[in-house]
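Got the structure open in your viewer? Here is a short tour, stop by stop, with something to select each time.

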Amino acid sequence: MDVISVLLVALVLALSVLWMVCSFLMRYYWVPSALRAVMEKQGIRGSPNPPNPIFDVFDGKPDMKEISHDILPHVLPWAAQNMKFYGNVHLNWWLREPRIVISEPKMIWDLFMKKHKDFVKSHFIKLLSDDIFHKGLFLANGEAWARQRQIVAPRYYIDEVKAMVRAVNNATSQVMAKWEAFVKDSGDVERELDVQVEFMCLNVDVVARTTLGLEDNDFQNILKYNITLLKLQNDQETWSWLPFARLIPFGINVERWKVRKQLNDLVRKQVRERRKKMTEGNNIDFIGKLLDNPDVREDVIVAELKTLYATGFISLAPLLSFTMLMLALYPSWQEKARQEVDQVLDGEVVSPKDVTKLITIEMILQETLRLYPTMPLIPRVCIKDSMLGDVFIPKGLGVSVNVVALHHDRDLWGDDVNEFNPSRFKNGTATAAKHPMAFMPFAYGVRTCIGRAFSEVQCKVIIAIILQRFEVKLSPNYRHHPVITGPLIPKNGMPVILKPRQNF
(Lines give C-alpha, C1' and ligand atoms only; values in the text may rest on other atoms or scores of the structure.)
Protein backbone atom coordinates (compact mmCIF):
# COMPACT_ATOMS: atom_id res chain seq x y z
CA MET A 1 0.00 0.00 0.00
CA ASP A 2 1.23 3.50 -0.79
CA VAL A 3 1.41 6.28 1.78
CA ILE A 4 -1.87 7.84 0.72
CA SER A 5 -3.72 4.52 1.15
CA VAL A 6 -2.22 4.03 4.60
CA LEU A 7 -3.22 7.54 5.60
CA LEU A 8 -6.78 7.00 4.33
CA VAL A 9 -7.12 3.77 6.28
CA ALA A 10 -5.73 5.47 9.38
CA LEU A 11 -8.15 8.36 8.91
CA VAL A 12 -11.13 6.02 8.55
CA LEU A 13 -10.10 4.13 11.68
CA ALA A 14 -9.60 7.36 13.61
CA LEU A 15 -12.98 8.72 12.51
CA SER A 16 -14.63 5.40 13.44
CA VAL A 17 -13.10 5.49 16.91
CA LEU A 18 -14.08 9.15 17.29
CA TRP A 19 -17.64 8.35 16.21
CA MET A 20 -17.86 5.51 18.74
CA VAL A 21 -16.49 7.69 21.54
CA CYS A 22 -18.86 10.54 20.69
CA SER A 23 -21.82 8.13 20.45
CA PHE A 24 -20.92 6.69 23.84
CA LEU A 25 -20.60 10.11 25.45
CA MET A 26 -23.81 11.29 23.77
CA ARG A 27 -25.88 8.34 24.92
CA TYR A 28 -24.51 7.81 28.40
CA TYR A 29 -23.37 11.27 29.53
CA TRP A 30 -24.45 14.27 27.45
CA VAL A 31 -28.09 13.25 26.88
CA PRO A 32 -28.63 12.04 30.48
CA SER A 33 -27.14 15.29 31.79
CA ALA A 34 -29.42 17.32 29.51
CA LEU A 35 -32.48 15.33 30.66
CA ARG A 36 -31.56 15.89 34.28
CA ALA A 37 -31.28 19.63 33.64
CA VAL A 38 -34.77 19.68 32.07
CA MET A 39 -36.27 18.01 35.15
CA GLU A 40 -34.37 20.18 37.63
CA LYS A 41 -35.74 23.30 35.93
CA GLN A 42 -39.20 21.97 36.86
CA GLY A 43 -38.12 21.57 40.47
CA ILE A 44 -37.75 17.79 40.28
CA ARG A 45 -34.51 16.70 41.89
CA GLY A 46 -33.02 13.55 43.29
CA SER A 47 -29.91 11.53 43.94
CA PRO A 48 -26.87 13.46 42.62
CA ASN A 49 -24.56 10.47 42.40
CA PRO A 50 -25.46 8.07 39.57
CA PRO A 51 -25.70 5.23 39.09
CA ASN A 52 -27.99 3.71 41.71
CA PRO A 53 -28.66 -0.01 41.46
CA ILE A 54 -31.89 -1.11 39.85
CA PHE A 55 -32.22 -4.15 42.06
CA ASP A 56 -31.46 -4.62 45.70
CA VAL A 57 -28.12 -6.05 46.77
CA PHE A 58 -28.92 -9.69 47.40
CA ASP A 59 -25.96 -10.38 49.66
CA GLY A 60 -24.65 -8.30 52.52
CA LYS A 61 -27.78 -6.55 53.77
CA PRO A 62 -28.90 -7.76 57.22
CA ASP A 63 -32.34 -9.22 57.88
CA MET A 64 -35.06 -6.96 59.24
CA LYS A 65 -34.91 -6.83 63.03
CA GLU A 66 -38.56 -7.76 63.34
CA ILE A 67 -41.44 -8.79 61.14
CA SER A 68 -42.78 -5.48 59.92
CA HIS A 69 -44.82 -4.72 56.83
CA ASP A 70 -43.28 -1.26 56.58
CA ILE A 71 -40.84 -2.54 53.97
CA LEU A 72 -40.06 0.50 51.79
CA PRO A 73 -36.94 1.62 53.75
CA HIS A 74 -35.63 -1.93 53.61
CA VAL A 75 -36.29 -3.01 50.03
CA LEU A 76 -35.84 0.40 48.34
CA PRO A 77 -33.69 2.47 50.72
CA TRP A 78 -32.63 4.90 47.99
CA ALA A 79 -36.29 5.57 47.13
CA ALA A 80 -37.22 6.08 50.77
CA GLN A 81 -34.33 8.53 51.15
CA ASN A 82 -35.23 10.43 47.99
CA MET A 83 -38.89 10.64 48.98
CA LYS A 84 -37.88 12.07 52.34
CA PHE A 85 -35.85 14.87 50.77
CA TYR A 86 -37.50 15.37 47.35
CA GLY A 87 -41.08 14.11 47.63
CA ASN A 88 -43.19 11.50 45.80
CA VAL A 89 -41.84 12.61 42.41
CA HIS A 90 -38.06 12.58 42.31
CA LEU A 91 -35.13 12.01 39.99
CA ASN A 92 -33.07 8.85 40.10
CA TRP A 93 -30.59 6.97 37.93
CA TRP A 94 -30.88 3.38 36.78
CA LEU A 95 -27.42 2.53 35.55
CA ARG A 96 -26.88 5.39 33.06
CA GLU A 97 -30.60 5.94 32.44
CA PRO A 98 -32.01 9.05 34.15
CA ARG A 99 -35.58 8.67 35.26
CA ILE A 100 -38.20 10.07 37.54
CA VAL A 101 -39.74 7.81 40.14
CA ILE A 102 -43.42 8.47 40.80
CA SER A 103 -46.07 7.32 43.24
CA GLU A 104 -48.71 9.99 42.51
CA PRO A 105 -52.00 8.39 41.34
CA LYS A 106 -52.82 11.18 38.86
CA MET A 107 -49.46 10.85 37.11
CA ILE A 108 -49.77 7.07 37.11
CA TRP A 109 -53.21 7.39 35.48
CA ASP A 110 -51.73 9.50 32.72
CA LEU A 111 -48.82 7.07 32.27
CA PHE A 112 -50.94 3.95 31.85
CA MET A 113 -54.18 5.34 30.46
CA LYS A 114 -54.02 8.74 28.72
CA LYS A 115 -50.43 8.73 27.44
CA HIS A 116 -49.56 5.04 27.32
CA LYS A 117 -48.49 5.25 23.65
CA ASP A 118 -45.76 7.71 24.62
CA PHE A 119 -44.03 5.18 26.91
CA VAL A 120 -42.49 1.76 26.30
CA LYS A 121 -40.46 -0.84 28.19
CA SER A 122 -37.05 0.42 29.25
CA HIS A 123 -33.98 -0.45 27.16
CA PHE A 124 -31.98 -1.30 30.29
CA ILE A 125 -34.68 -3.62 31.63
CA LYS A 126 -34.65 -5.41 28.29
CA LEU A 127 -30.88 -5.72 28.55
CA LEU A 128 -31.05 -7.26 32.00
CA SER A 129 -33.93 -9.67 31.43
CA ASP A 130 -33.43 -10.59 27.78
CA ASP A 131 -32.01 -14.01 28.65
CA ILE A 132 -35.23 -14.98 30.43
CA PHE A 133 -37.89 -13.20 28.35
CA HIS A 134 -36.14 -13.03 24.97
CA LYS A 135 -38.66 -12.09 22.23
CA GLY A 136 -41.58 -12.83 24.56
CA LEU A 137 -44.61 -10.64 25.24
CA PHE A 138 -43.14 -9.31 28.50
CA LEU A 139 -40.43 -7.28 26.74
CA ALA A 140 -42.22 -6.48 23.47
CA ASN A 141 -43.14 -2.96 22.42
CA GLY A 142 -45.25 -1.34 19.69
CA GLU A 143 -46.50 -3.51 16.85
CA ALA A 144 -44.56 -6.53 18.06
CA TRP A 145 -46.34 -6.29 21.42
CA ALA A 146 -49.77 -5.95 19.79
CA ARG A 147 -49.09 -8.92 17.51
CA GLN A 148 -47.82 -11.16 20.31
CA ARG A 149 -50.60 -10.17 22.69
CA GLN A 150 -53.13 -11.20 20.04
CA ILE A 151 -51.42 -14.59 19.87
CA VAL A 152 -51.34 -15.11 23.63
CA ALA A 153 -54.72 -13.55 24.53
CA PRO A 154 -56.90 -16.63 23.79
CA ARG A 155 -55.16 -18.50 26.61
CA TYR A 156 -56.72 -16.08 29.07
CA TYR A 157 -60.31 -15.94 27.83
CA ILE A 158 -62.61 -16.60 30.76
CA ASP A 159 -63.75 -20.00 29.48
CA GLU A 160 -60.11 -21.04 29.04
CA VAL A 161 -59.29 -19.92 32.57
CA LYS A 162 -62.18 -21.95 33.96
CA ALA A 163 -60.98 -24.99 32.03
CA MET A 164 -57.56 -24.66 33.66
CA VAL A 165 -58.97 -25.08 37.18
CA ARG A 166 -58.90 -28.86 36.82
CA ALA A 167 -55.20 -28.83 35.91
CA VAL A 168 -54.40 -26.59 38.89
CA ASN A 169 -56.41 -28.92 41.14
CA ASN A 170 -54.54 -31.99 39.93
CA ALA A 171 -51.08 -30.44 40.20
CA THR A 172 -51.78 -28.97 43.66
CA SER A 173 -53.34 -32.19 44.98
CA GLN A 174 -50.19 -34.10 44.04
CA VAL A 175 -48.08 -31.58 45.95
CA MET A 176 -50.41 -31.80 48.97
CA ALA A 177 -50.09 -35.58 49.00
CA LYS A 178 -46.31 -35.17 48.96
CA TRP A 179 -46.49 -32.72 51.87
CA GLU A 180 -48.68 -35.10 53.87
CA ALA A 181 -46.21 -37.94 53.30
CA PHE A 182 -43.37 -35.61 54.25
CA VAL A 183 -45.01 -34.86 57.61
CA LYS A 184 -45.94 -38.50 58.20
CA ASP A 185 -42.37 -39.66 57.56
CA SER A 186 -41.17 -37.47 60.43
CA GLY A 187 -43.25 -39.49 62.90
CA ASP A 188 -44.69 -36.26 64.27
CA VAL A 189 -48.01 -34.49 63.82
CA GLU A 190 -46.38 -31.48 62.18
CA ARG A 191 -43.18 -30.64 60.31
CA GLU A 192 -41.29 -27.65 58.98
CA LEU A 193 -41.12 -27.11 55.23
CA ASP A 194 -39.76 -24.26 53.10
CA VAL A 195 -42.70 -23.72 50.78
CA GLN A 196 -41.05 -21.14 48.54
CA VAL A 197 -39.24 -23.69 46.36
CA GLU A 198 -42.33 -25.90 46.47
CA PHE A 199 -44.40 -23.10 44.98
CA MET A 200 -41.81 -22.47 42.28
CA CYS A 201 -41.99 -26.09 41.16
CA LEU A 202 -45.78 -26.15 41.42
CA ASN A 203 -46.22 -23.06 39.24
CA VAL A 204 -43.90 -24.37 36.52
CA ASP A 205 -45.82 -27.65 36.63
CA VAL A 206 -49.14 -25.82 36.27
CA VAL A 207 -47.81 -23.94 33.22
CA ALA A 208 -46.78 -27.22 31.59
CA ARG A 209 -50.18 -28.80 32.24
CA THR A 210 -52.22 -25.84 31.04
CA THR A 211 -50.11 -24.91 28.01
CA LEU A 212 -48.69 -28.22 26.82
CA GLY A 213 -51.11 -30.73 28.28
CA LEU A 214 -48.11 -32.41 29.96
CA GLU A 215 -48.17 -33.99 33.39
CA ASP A 216 -44.71 -35.54 33.29
CA ASN A 217 -42.80 -32.28 32.82
CA ASP A 218 -39.08 -31.62 33.31
CA PHE A 219 -39.91 -28.64 35.52
CA GLN A 220 -36.92 -29.12 37.82
CA ASN A 221 -34.46 -28.22 35.06
CA ILE A 222 -36.65 -25.40 33.75
CA LEU A 223 -36.75 -23.96 37.24
CA LYS A 224 -33.00 -24.42 37.74
CA TYR A 225 -32.15 -22.64 34.48
CA ASN A 226 -34.50 -19.73 35.21
CA ILE A 227 -33.18 -19.25 38.75
CA THR A 228 -29.61 -19.30 37.44
CA LEU A 229 -30.41 -16.71 34.76
CA LEU A 230 -32.16 -14.50 37.31
CA LYS A 231 -29.08 -14.58 39.56
CA LEU A 232 -26.77 -13.85 36.63
CA GLN A 233 -29.08 -10.99 35.67
CA ASN A 234 -28.49 -9.38 39.07
CA ASP A 235 -24.74 -10.08 38.99
CA GLN A 236 -24.31 -8.20 35.70
CA GLU A 237 -26.43 -5.20 36.65
CA THR A 238 -23.66 -2.72 37.42
CA TRP A 239 -21.78 -3.11 34.12
CA SER A 240 -24.28 -4.37 31.55
CA TRP A 241 -24.94 -0.83 30.27
CA LEU A 242 -21.40 -0.59 28.84
CA PRO A 243 -21.28 -0.97 25.04
CA PHE A 244 -20.64 -4.55 23.93
CA ALA A 245 -20.25 -5.67 27.58
CA ARG A 246 -22.73 -8.51 27.11
CA LEU A 247 -21.01 -9.67 23.92
CA ILE A 248 -17.52 -10.24 25.29
CA PRO A 249 -16.81 -13.97 25.82
CA PHE A 250 -15.70 -14.03 29.45
CA GLY A 251 -16.85 -15.55 32.75
CA ILE A 252 -20.41 -14.49 33.43
CA ASN A 253 -21.30 -14.03 29.75
CA VAL A 254 -20.13 -17.52 28.84
CA GLU A 255 -22.22 -18.95 31.69
CA ARG A 256 -25.23 -16.87 30.59
CA TRP A 257 -24.99 -18.10 27.02
CA LYS A 258 -24.62 -21.71 28.16
CA VAL A 259 -27.63 -21.66 30.51
CA ARG A 260 -29.76 -19.71 28.04
CA LYS A 261 -29.05 -22.30 25.34
CA GLN A 262 -29.90 -25.14 27.73
CA LEU A 263 -33.23 -23.50 28.58
CA ASN A 264 -34.03 -22.74 24.94
CA ASP A 265 -33.17 -26.29 23.88
CA LEU A 266 -35.32 -27.80 26.62
CA VAL A 267 -38.36 -25.64 25.86
CA ARG A 268 -37.97 -26.20 22.12
CA LYS A 269 -37.80 -29.95 22.79
CA GLN A 270 -41.09 -29.75 24.70
CA VAL A 271 -42.74 -27.87 21.86
CA ARG A 272 -41.54 -30.39 19.29
CA GLU A 273 -42.65 -33.34 21.43
CA ARG A 274 -46.05 -31.70 21.72
CA ARG A 275 -46.11 -31.31 17.95
CA LYS A 276 -45.54 -35.06 17.52
CA LYS A 277 -48.60 -35.77 19.68
CA MET A 278 -50.92 -33.54 17.69
CA THR A 279 -54.11 -35.21 16.53
CA GLU A 280 -57.24 -33.73 15.07
CA GLY A 281 -59.59 -32.51 17.78
CA ASN A 282 -57.07 -33.11 20.57
CA ASN A 283 -55.16 -29.84 20.47
CA ILE A 284 -57.11 -28.08 23.18
CA ASP A 285 -54.12 -26.88 25.18
CA PHE A 286 -52.57 -23.48 24.46
CA ILE A 287 -49.46 -24.71 22.65
CA GLY A 288 -51.51 -27.23 20.70
CA LYS A 289 -53.69 -24.42 19.38
CA LEU A 290 -50.65 -22.36 18.43
CA LEU A 291 -49.14 -25.34 16.62
CA ASP A 292 -52.40 -25.64 14.71
CA ASN A 293 -51.90 -22.08 13.46
CA PRO A 294 -49.54 -22.06 10.43
CA ASP A 295 -48.93 -18.32 10.86
CA VAL A 296 -47.20 -18.76 14.24
CA ARG A 297 -43.50 -19.63 13.98
CA GLU A 298 -41.82 -22.09 16.32
CA ASP A 299 -39.46 -19.45 17.76
CA VAL A 300 -42.50 -17.37 18.76
CA ILE A 301 -44.06 -20.35 20.52
CA VAL A 302 -40.80 -21.10 22.34
CA ALA A 303 -40.48 -17.46 23.42
CA GLU A 304 -44.02 -17.29 24.79
CA LEU A 305 -43.68 -20.61 26.61
CA LYS A 306 -40.44 -19.38 28.22
CA THR A 307 -42.26 -16.23 29.30
CA LEU A 308 -45.08 -18.26 30.86
CA TYR A 309 -42.62 -20.45 32.75
CA ALA A 310 -40.67 -17.43 34.00
CA THR A 311 -43.68 -15.42 35.12
CA GLY A 312 -45.01 -18.48 36.95
CA PHE A 313 -42.04 -18.80 39.24
CA ILE A 314 -41.08 -15.09 39.31
CA SER A 315 -44.48 -13.65 40.23
CA LEU A 316 -46.80 -16.32 41.59
CA ALA A 317 -44.34 -18.22 43.80
CA PRO A 318 -43.47 -15.08 45.83
CA LEU A 319 -47.15 -14.14 46.13
CA LEU A 320 -48.04 -17.59 47.44
CA SER A 321 -45.04 -17.55 49.80
CA PHE A 322 -45.94 -14.18 51.32
CA THR A 323 -49.58 -15.30 51.56
CA MET A 324 -48.45 -18.28 53.66
CA LEU A 325 -46.61 -15.79 55.87
CA MET A 326 -49.81 -13.79 56.33
CA LEU A 327 -51.84 -16.90 57.13
CA ALA A 328 -49.25 -17.97 59.70
CA LEU A 329 -48.97 -14.52 61.30
CA TYR A 330 -52.73 -13.97 61.50
CA PRO A 331 -54.39 -17.24 62.59
CA SER A 332 -57.81 -15.59 62.93
CA TRP A 333 -57.78 -14.78 59.21
CA GLN A 334 -56.47 -18.25 58.44
CA GLU A 335 -59.34 -19.81 60.33
CA LYS A 336 -61.88 -17.49 58.73
CA ALA A 337 -60.62 -18.47 55.29
CA ARG A 338 -60.60 -22.17 56.21
CA GLN A 339 -64.22 -22.02 57.38
CA GLU A 340 -65.14 -20.46 54.06
CA VAL A 341 -63.26 -23.21 52.20
CA ASP A 342 -65.02 -25.95 54.20
CA GLN A 343 -68.40 -24.37 53.57
CA VAL A 344 -67.89 -23.77 49.86
CA LEU A 345 -66.06 -26.98 48.95
CA ASP A 346 -67.61 -29.38 51.46
CA GLY A 347 -64.61 -31.69 51.16
CA GLU A 348 -64.58 -31.70 47.36
CA VAL A 349 -62.07 -30.27 44.88
CA VAL A 350 -62.37 -26.68 43.72
CA SER A 351 -64.69 -26.22 40.73
CA PRO A 352 -64.77 -23.15 38.47
CA LYS A 353 -68.02 -22.08 40.13
CA ASP A 354 -66.43 -22.34 43.58
CA VAL A 355 -63.62 -19.91 42.74
CA THR A 356 -65.89 -16.85 42.76
CA LYS A 357 -67.24 -17.82 46.19
CA LEU A 358 -63.83 -17.78 47.91
CA ILE A 359 -64.15 -14.13 48.89
CA THR A 360 -62.03 -14.24 52.05
CA ILE A 361 -59.10 -15.86 50.24
CA GLU A 362 -59.41 -13.23 47.52
CA MET A 363 -59.21 -10.43 50.11
CA ILE A 364 -56.20 -12.07 51.78
CA LEU A 365 -54.39 -12.36 48.44
CA GLN A 366 -55.14 -8.74 47.58
CA GLU A 367 -53.90 -7.46 50.94
CA THR A 368 -50.77 -9.58 50.58
CA LEU A 369 -50.16 -8.07 47.14
CA ARG A 370 -50.63 -4.62 48.61
CA LEU A 371 -48.08 -5.13 51.37
CA TYR A 372 -45.68 -7.22 49.26
CA PRO A 373 -46.22 -6.34 45.59
CA THR A 374 -44.61 -8.91 43.32
CA MET A 375 -43.38 -6.25 40.90
CA PRO A 376 -42.27 -3.40 43.20
CA LEU A 377 -41.17 -1.12 40.35
CA ILE A 378 -42.80 -0.74 36.93
CA PRO A 379 -40.36 0.89 34.50
CA ARG A 380 -41.09 2.72 31.27
CA VAL A 381 -39.16 5.11 29.03
CA CYS A 382 -40.58 8.09 27.12
CA ILE A 383 -40.32 7.84 23.31
CA LYS A 384 -41.80 11.28 22.53
CA ASP A 385 -42.17 14.50 24.50
CA SER A 386 -45.15 14.09 26.79
CA MET A 387 -46.86 15.28 29.97
CA LEU A 388 -47.69 13.40 33.14
CA GLY A 389 -50.00 15.60 35.14
CA ASP A 390 -48.31 19.01 35.18
CA VAL A 391 -44.83 17.58 34.63
CA PHE A 392 -43.16 17.77 31.21
CA ILE A 393 -41.45 14.47 30.29
CA PRO A 394 -38.83 14.83 27.54
CA LYS A 395 -38.11 12.06 25.07
CA GLY A 396 -35.54 9.62 26.44
CA LEU A 397 -36.41 10.09 30.12
CA GLY A 398 -37.27 6.97 32.08
CA VAL A 399 -40.29 6.78 34.37
CA SER A 400 -40.70 4.25 37.18
CA VAL A 401 -43.84 3.67 39.21
CA ASN A 402 -42.82 2.91 42.79
CA VAL A 403 -45.52 0.37 43.59
CA VAL A 404 -44.18 -0.26 47.11
CA ALA A 405 -44.47 3.44 47.98
CA LEU A 406 -47.90 3.64 46.33
CA HIS A 407 -49.20 0.64 48.30
CA HIS A 408 -47.77 2.01 51.57
CA ASP A 409 -48.94 5.61 51.20
CA ARG A 410 -50.64 6.65 54.43
CA ASP A 411 -52.56 9.44 52.67
CA LEU A 412 -54.14 6.88 50.33
CA TRP A 413 -54.66 3.92 52.67
CA GLY A 414 -55.10 5.45 56.12
CA ASP A 415 -53.29 5.11 59.43
CA ASP A 416 -53.33 1.30 59.28
CA VAL A 417 -51.36 1.34 56.01
CA ASN A 418 -48.64 -0.96 57.38
CA GLU A 419 -51.07 -3.38 59.02
CA PHE A 420 -52.55 -6.54 57.54
CA ASN A 421 -56.24 -5.79 57.05
CA PRO A 422 -57.90 -7.76 54.23
CA SER A 423 -61.26 -6.20 55.13
CA ARG A 424 -60.24 -3.06 53.28
CA PHE A 425 -60.93 -5.03 50.07
CA LYS A 426 -64.41 -6.24 51.05
CA ASN A 427 -65.99 -3.99 48.41
CA GLY A 428 -63.37 -4.64 45.76
CA THR A 429 -60.10 -3.00 44.79
CA ALA A 430 -61.47 0.21 43.30
CA THR A 431 -62.79 1.51 46.64
CA ALA A 432 -60.18 -0.01 48.95
CA ALA A 433 -58.19 3.25 49.04
CA LYS A 434 -58.92 6.92 48.48
CA HIS A 435 -57.92 6.67 44.80
CA PRO A 436 -58.67 3.79 42.39
CA MET A 437 -55.06 3.89 41.12
CA ALA A 438 -53.65 3.26 44.61
CA PHE A 439 -53.67 -0.52 44.07
CA MET A 440 -51.92 -1.79 40.97
CA PRO A 441 -49.96 -5.02 41.47
CA PHE A 442 -50.53 -6.04 37.83
CA ALA A 443 -49.84 -2.62 36.23
CA TYR A 444 -52.80 -0.89 34.59
CA GLY A 445 -54.45 0.02 31.30
CA VAL A 446 -53.75 -1.69 27.98
CA ARG A 447 -50.54 -3.22 29.33
CA THR A 448 -52.15 -4.73 32.39
CA CYS A 449 -50.70 -8.19 33.00
CA ILE A 450 -52.52 -10.36 30.48
CA GLY A 451 -52.45 -13.33 32.85
CA ARG A 452 -54.03 -11.49 35.77
CA ALA A 453 -57.31 -13.42 35.75
CA PHE A 454 -55.61 -16.80 35.56
CA SER A 455 -53.06 -15.83 38.23
CA GLU A 456 -55.84 -14.85 40.63
CA VAL A 457 -57.77 -18.05 39.96
CA GLN A 458 -54.66 -20.22 40.28
CA CYS A 459 -53.63 -18.67 43.61
CA LYS A 460 -57.15 -18.96 45.03
CA VAL A 461 -57.31 -22.64 44.11
CA ILE A 462 -53.88 -23.40 45.59
CA ILE A 463 -54.51 -21.56 48.87
CA ALA A 464 -57.97 -23.15 49.18
CA ILE A 465 -56.53 -26.66 48.83
CA ILE A 466 -53.77 -25.91 51.34
CA LEU A 467 -56.28 -24.64 53.92
CA GLN A 468 -58.50 -27.61 53.24
CA ARG A 469 -55.72 -30.03 54.16
CA PHE A 470 -53.32 -28.21 56.50
CA GLU A 471 -53.03 -25.86 59.42
CA VAL A 472 -50.14 -23.43 58.98
CA LYS A 473 -47.84 -21.90 61.61
CA LEU A 474 -44.72 -19.80 61.17
CA SER A 475 -41.44 -21.59 61.76
CA PRO A 476 -39.16 -20.14 64.45
CA ASN A 477 -36.43 -20.37 61.81
CA TYR A 478 -38.10 -17.78 59.59
CA ARG A 479 -36.06 -14.58 59.13
CA HIS A 480 -37.88 -11.63 57.61
CA HIS A 481 -36.00 -10.26 54.62
CA PRO A 482 -38.05 -9.24 51.59
CA VAL A 483 -35.61 -8.41 48.81
CA ILE A 484 -35.87 -7.17 45.24
CA THR A 485 -34.19 -9.32 42.62
CA GLY A 486 -36.46 -8.03 39.90
CA PRO A 487 -39.55 -9.40 41.67
CA LEU A 488 -39.99 -9.02 45.43
CA ILE A 489 -39.15 -12.32 47.12
CA PRO A 490 -38.42 -13.61 50.63
CA LYS A 491 -34.62 -13.86 50.59
CA ASN A 492 -34.45 -16.54 53.28
CA GLY A 493 -37.25 -18.66 51.89
CA MET A 494 -40.58 -19.28 53.59
CA PRO A 495 -40.22 -22.01 56.26
CA VAL A 496 -43.58 -22.83 57.83
CA ILE A 497 -44.85 -25.62 60.03
CA LEU A 498 -47.48 -27.77 58.37
CA LYS A 499 -49.99 -29.80 60.38
CA PRO A 500 -52.33 -32.06 58.38
CA ARG A 501 -55.96 -31.69 59.36
CA GLN A 502 -57.30 -34.77 61.08
CA ASN A 503 -60.84 -34.52 59.76
CA PHE A 504 -59.96 -34.24 56.08
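Start by selecting Val 120 and Val 381: Val 120 stands opposite Val 381, which belongs to β5. This is a predicted model, where local features need pLDDT of at least 70 and side-chain atom pairs count only at pLDDT 80 or more, while totals for chains, interfaces and linings use all residues. Residues are numbered from 1 along each chain as its sequence is written, and side-chain values use heavy atoms, with hydrogens and water left out.

Now widen the selection to β3 and to β5 (residues 377-382), which pair in the antiparallel sense over two bridges. Strands here are DSSP runs of E with at least two residues, helices are runs of H or I with at least four, and both are numbered from the N terminus. Two strands pair if DSSP finds at least two bridges between them.

Next, show the whole sheet. It is open, has five strands in the order β1-β2-β8-β5-β3, and its pairing is mixed. β1 (89-94) and β3 (119-120) are at the edges with a single partner strand each, so one side of each has no neighbour in the sheet.

Move on to β8. Five of its five residues are buried, where buried means under 20% relative accessible area, exposed over 50%, and partly exposed in between (1.4 Å probe, protein chains only). Colour the two faces separately: Gly 398, Ser 400 and Asn 402 are on one side, Val 399 and Val 401 on the other, and all are buried. β8 pairs with β2 in the parallel sense over four bridges, and Ile 102 stands opposite Val 401. With β5, β8 runs antiparallel, joined by five bridges; click on Arg 380 and you can find its bridge partner, Val 399.

To see what lies across these strands, select helix α3 (residues 77-86). α3 lies across β1, β2 (97-102), β5 and β8 (398-402), and runs at about 145° to β1. Such angles run from 0 to 180 degrees between N-to-C directions, with axes fitted as lines to C-alpha atoms, for helices over the stretch in contact.

The next stop is helix α13 (residues 331-345). Which residues of α13 are buried? Select Trp 333, Gln 334, Ala 337, Arg 338, Glu 340, Val 341 and Leu 345. They cover an arc of only 160° around the axis, which puts them on the same side of α13; the arc is that of the directions from the helix axis to the C-beta atoms. On the other side of α13, you will find Pro 331, Ser 332 and Gln 343 exposed. Among the elements covering the buried residues are α12 (298-329), α15 (359-371) and β9 (470-474).

Keep α13 on screen and add α15: their axes come within 8 Å and cross at roughly 145°. Contact means heavy atoms within 4.5 Å. Residues making this contact include Trp 333 and Lys 336 of α13, and Ile 359 and Met 363 of α15.

Finish just after α13, at Asp 346, in the loop between α13 and α14. Its phi is near 50°, a positive value in a residue other than glycine. Most residues other than glycine have a negative phi. Is Asp 346 buried or exposed? Asp 346 is exposed, with a relative accessible area of 62%.

Zoom out for a last look: the protein has 18 helices and 12 strands, and of its 504 residues 54% count as buried.
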